[in-house]
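Visitor: Please take a close look at one part of this model. I would like the contacts around a single acidic side chain, then some comparison sites.

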Amino acid sequence: MRIPSTVPVALSAILILGTIGYAVADAYDVVPGILTNTPIAVEQKLPQMPPLSPTAELPERAINPDAPLPDQAKLKAATEKLNGHVSAAGGRLAISLIDAHTGEPVYSYHEAVPMTPASTTKLFTAFSAIKELDPKATFTTTTALAGNTLFLKSNGDITMAAGETDPQGVLGHAGLATLAHKTAVALRGKVDFVQLVVDDTAIAGPERNPAWTAQDVDDYAGNVTDIAIQQGRRDPNHAKYFSHTALADAAGVFVKALEAEGVTVRGHFSTGAQTPGATVLAEEQSASFGQLLHYMDKTSDNTLAEHFCRLMANPLGATADFTSPPAQIVKQYAAQGLNMEGVVLNDCSGLDRDNRITPQALTAIIKDVLDQKEPQARMALSAFPVASLDGTLQQRLSNSNTAGMVRAKTGSLPSVRSLAGVLRTSSGRDLIFAVMIDDCEKDKVWGMKQRIDEFLHTVVTG
């Protein structure tokens, strides 16, 4: 079945348009999340999302659904070459390549084998979030007064800044210092002191995934909680290492900000539900869900992936924990008739090494997005990194034949490299692909990213 006539135009936009200016620390994508291009785990500067800027066009190529497909002999030779490198590293390879317009298979290699997906898991997360949540919605953080009790209440803004609000930013769009200033102004003449209570009732379920501790990936994601500064990073200027007491850390920062504004805060803060009828004093809004999902996609942000999955628990009819929402997402796709055989998701970020996804499942859900008539459905895909332009593909596929012609989600764990998305061939044919490598020896996995790019160069050039 052919997709609606609007899709070639939409796919053209997806392939050749990108947002400029992301200084992404995990552009080399060799370990989970935002890290470095060397085997040594070193701290990197946290990527700062600029305001959504005008898009930058790369040279457009004719959209031609009848253009020649890549040569099968060349694809087979490229696969054999890639598989040789993978086998030498002790790993496994699987590939799915389908036509973006018809969904017909173009080329495959072990496409039905369940593989460890790493961050390509976020394809499931992002596509579902766009369907289940309002991309225009925002998180709201308020202060309210009942007697001498001051309540700090947020419904999930984990991207707050410790300092002032940045109305042009995505991370730090709302600032605790700004909220404290507004609150102090509203408190003048009302009370001589306050006692702070943080309402922690908005985000249900466990804050941390025990599987991450067991698998030694705790440093790559923060807590799923009601309020946090820069996703709970211990140092907001660095991408790695997260506090396990993010809500308490934010409360402590807020107390200091109140005191700097001349407000007397007595005792230590406590947690509990806000008193009904408390008088609202001030509020701050986060960036929109759409902008936050855009940031998550570009930078492969693990914490936001898990956070949005928790927000989806209720609309999905899932339990508010780490495993139930992703399992329900898989069930929904299966109910739509997509082949989810062998797919097992235990989290929404891809940090869990026990996740399994087949290449054919990845290409199927991308095709499902492109089949949607509503532009909103394609929003998540259009936010994925563009080859040689931004995000985790900023320094990949920079050859003149591939730059700007691949938009995809990366995936990386100590023994895993994967890439899945959409591309346009030199002849103008639009294809959907997934290339997955897992089970590599940890000291031999580093070159697999380049090998995947070499394979895709063959696909693009035909």
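Guide: Asp-438 is found in strand S14, which spans residues 430-438. The model is predicted. Relative accessibility at Asp-438 is 0%, so the residue counts as buried, the cut-off being under 20%. Its side chain has a polar partner: a contact of 2.8 Å joins Asp-438 to the side chain of Arg-92. Arg-92 also appears among the residues that Asp-438 touches, leaving aside those up to four places away in sequence. The others on that list are Gly-91, Met-115, Thr-116, Ser-415 and Val-416.

Now take Asp-199. It lies in strand S8, residues 195-199. Asp-199 has 3% relative accessibility and therefore counts as buried. Here the polar partner is Lys-153, with 3.3 Å between the two side chains in a polar contact. Asp-199 touches Lys-153 and Leu-152, and also Asp-226. Gly-272, Ala-273 and Gln-274 complete its contacts, again without residues up to four places away in sequence. Ser-270 is 71 residues from Asp-199 along the chain, yet their C-alpha atoms are separated by 8.7 Å.

A third aspartate, Asp-301, sits at the start of helix H8. One of its side-chain oxygens reaches to within 3.1 Å of the backbone nitrogen of Thr-303. Helix H8 covers residues 302-311 and is mostly covered, with 10 of its 10 residues buried. Among them are polar or charged names such as Asn-302, Glu-306, His-307 and Arg-310. Leu-304, Phe-308 and Leu-311 are buried in H8 too.

Notes
Residues numbered from 1 in each chain as written. Predicted model: local features only at pLDDT ≥ 70, side-chain atom pairs only at ≥ 80, totals over all residues. Heavy atoms only, no water. Buried < 20%, exposed > 50% of the residue type's maximum accessible area, 1.4 Å probe, protein only. Helix = DSSP H or I, 4+ residues; strand = E, 2+ residues; numbered from the N terminus. Polar contact = N/O pair within 3.5 Å; in protein donor to acceptor, adjacent residues only side chain to side chain. Contact = heavy atoms within 4.5 Å.
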